[in-house]
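Here are my notes on this model, set out as numbered points. I hope they are handy while you have the coordinates open.

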Amino acid sequence: MGAGGVEPVRRLALVLGDQLDRDSKVFDGLDRERDAVLMIESRHEATFVPQHKQRLMLFFSAMRHFRDELRERGHRVLYSELDGRSNLGALGEEVPRWLRKTRAQTLVVSEPGDYRVRAELRGALRGEDARLEIVQDEHFLCSQDAFSEFADDRKGLRLETFYRWMRRRHGVLVDGEGRPEGERWNYDGENRETFGAEGPPEIKAPRSFRWDDVTREVAALVDREFPDHPGSTRGFDWPVTTKQANAALRDFVEHRLRDFGPYQDAMVDGHPYLYHSRLSASLKLHLLHPRRAIERAVAAYEDGAAPIHSVEGFVRQILGWREFVRGVYWREMPDYADRNALAADRPMPAFMWTGETEMRCVGASIEQLLEFGYAHHIQRLMVLGLFALLLGVEPRAVNAWHLALYVDAIDWVSAPNVLGMSQYADGGLFASKPYCGSGAYINRMSDYCGRCRFDPKKSTGTDACPFTTLYWDFLSRNRNRLRNNPRMALQYRNLDKKSRSERRAVRRAADCLKESCSEAAGP
Ligand SMILES: Cc1cc2nc3c(=O)[nH]c(=O)nc-3n(C[C@H](O)[C@H](O)[C@H](O)COP(=O)(O)OP(=O)(O)OC[C@H]3O[C@@H](n4cnc5c(N)ncnc54)[C@H](O)[C@@H]3O)c2cc1C
Ligand code: SF4
């Protein structure tokens, strides 16, 4: 027996909560008699930011289901359940305890999705007898080495170049000569439809998943241990097994993929998903393999069940963006996390945690975020992220808020999307300009403004739209940093058309807004 009454093991395979992959390389060569799998529900991981209750449920329920599946497959699984007293330390403290208990000679782990966790594990093994073996995470279609191969000789990192390179490399939607299917690489121009005054048609809601005993147990645990965390366990219906994730994919391909492309950017009050796939959480936890999602979508195109502009749009998100941001993350960390090119220094306003605001676009997006742990891409980028950008919230605070509230947020995907794409904190490493816009954009792409007390066209006055006020203020405030960016030229020409007194009035209105947003709070 090892210390603490545990049978000694030779190789300990650590499976983290976002690595629930049956075919992971950590299982390669694992001897079912002499080796074991280790899974830990860590309180520290659950609380380093105050995570949404459904996010905690998702991780714990999916981990417990995966544990049961591994045991059915004959693996010996050492599983440490979170309860009131245990697992208080960070993984870097918990793992060495298990190494000592089991007297393991090797700890094998798939590449963690968070730089912090990888550094903690490396640090933790330093004083131990066991050695650390990090194996490649095959749930990505571009390894870190392959990304370097792409990026090393290039001046700038651009999604479009990477995406074409990936399409050719993986033979997705290209012919034998490497030419794009449909003769175009990109159908973005056709993918900006809105629903107009009549609103969206009947859209089949994504398939939902009933709770079983494991999920019920986990809901009780989360309610008991994390009562003050945002959101509610009620209404949780995320896939928690590979079987469910595959069912969610089939449901999406059958019912929503066809219209995914044109309406990707549209927003409608009370319709959180529209034609979006809602697959990000399953992909992040490795319940669903990206290759499978791509193959299913391409098969729908080949069968004539979905048009090229929708299928190409979906493939671009998964084969393009998902792989691209991961490559950027590992290339740029650790200092990426601290970048702040626009010197933004304000706290996250309290209403970003509660949704208690008169701005309907923000209120609706946060209400849905609290209810489901989900907002779609444009709500993230052009409503919530945009508000933080225009207000000048400190980027690390935006990323921490994001990691807390979204079920699908893991650092490798959150950091580049939040710090890079949404907050321009990296100074344009891969976004050629900040995604900044006024209330006019939100008015064009959604029905929020019609339900709001503010007027998206106004930048001053009692009914001025805060986005519009802050937009002009953002341009003025960052003039020295952004003026020479050719892609900002039109925006600055428009700013320059405003008279001095107009600009002074905007600044006063923006100062008032900032003052009213300065009360930082969180759970
Ligand atoms: C500020 C901001 C923060 C984001 N944070 C996250 C995050 O923490 N986790 C996350 O999974 N996605 C994140 N995204 C990307 C994207 O918004 C979500 O993947 C998507 O909204 C999830 O919903 P869906 O599954 O219905 O996606 P769909 O719209 O149906 O897209 C299909 C899939 O493409 C992938 N995808 C699309 N865009 C991106 C992207 N930019 N980066 C990586 N993958 C992408 C996702 O796996 C997604 O499931 C963020 C985007 C922004 C602008
Ligand atoms: S008017 Fe402004 S604050 Fe209101 S919903 Fe439109 S963009 Fe949002």
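**Notes on the model**

1. S282 is found in helix α10; helices (H or I, at least four residues) and strands (E, at least two) are DSSP runs, numbered from the N terminus. S282 is buried at a relative accessible area of 1%, where buried means under 20% relative accessible area, exposed over 50% and partly exposed in between (1.4 Å probe, protein chains only). Leaving out residues up to four places away in sequence, S282 touches P239, A245, L287 and L288; contact means heavy atoms within 4.5 Å.

2. A word on provenance before going further. This is a predicted model, in which local features need pLDDT of at least 70 and side-chain atom pairs count only at pLDDT 80 or more, while totals for chains, interfaces and linings use all residues. Residues are numbered from 1 along each chain as its sequence is written, chains are lettered from A and ligands numbered from 1 in the order in which they are written, and side-chain values use heavy atoms, with hydrogens and water left out.

3. Now the overall picture. The protein chain has 22 helices and five strands. Its C-alpha atoms fill a box of roughly 80 × 55 × 50 Å along the principal axes. The radius of gyration is 24 Å, which agrees with the value near 24 Å for a compact globule of 523 residues; the radius is taken over C-alpha atoms, and the globule rule is 2.2 Å times the number of residues to the power 0.38.

4. Burial and contacts come next. Of the 523 residues, 59% count as buried. Among contacts between residues at least 6 apart in sequence, 76% join residues at least 24 apart.

5. On the surface side, the accessible area of the protein chain comes to about 22000 Å², of which 45% belongs to carbon and sulfur atoms. These areas come from the Shrake-Rupley method with a 1.4 Å probe, and for residues only the protein chains shown count as cover. The 78 positive and 77 negative charges have mean positions 4 Å apart. Lys and Arg count as positive and Asp and Glu as negative, without His and the chain ends; each charge is placed at NZ of Lys, CZ of Arg, CG of Asp or CD of Glu.

6. Which residues have the most contacts inside the largest nonpolar core? They are M39, F60, L257, V362, W401 and F467, in a core of 151 residues. A nonpolar core here is a set of buried Ala, Val, Leu, Ile, Met, Phe, Trp, Tyr and Cys residues joined through side-chain atoms within 4.5 Å. Beyond four places in sequence, F467 touches residues including M359, C361, V362, M382, V383, L386 and F387. Apart from this core lies another, of 21 residues, among them V6, L14, L16 and W98. In soluble globular proteins, nonpolar side chains tend to be buried together.

7. Some backbone details deserve a look. Most residues other than glycine have a negative phi, and most peptide bonds are trans. The bond from M333 to P334 is cis, with omega near 10 degrees, and P334 lies in the loop between α12 (308–332) and α13 (351–354). A343, in the loop between α12 and α13, has a positive phi of about 50 degrees and counts as partly exposed at 45% relative accessibility. H286 has a phi near 70 degrees and sits in the loop between α10 (280–284) and α11 (290–302); H286 is buried, at 4%.

8. Is R322 buried or exposed? R322 is buried, with a relative accessible area of 6%, and lies in helix α12. Its contacts beyond four places in sequence are H139, F140, L283, K284, P290, Q317 and W412.

9. K514, in helix α22 (residues 500–516), is also worth a check: K514 is buried, with a relative accessible area of 11%. Not counting residues up to four places away, K514 touches R346, L391, L470, D473 and R477. The C-alpha atoms of K514 and P206, 308 residues apart along the chain, are separated by 38 Å.

10. Last comes N485, found in the loop between α20 (479–482) and α21 (489–496). At 13% relative accessibility, N485 counts as buried. Outside its neighbours within four places in sequence, N485 is in contact with Y424, S432 and K433. N485 and S432 are 53 residues apart in sequence and 8.5 Å apart in space, C-alpha to C-alpha.
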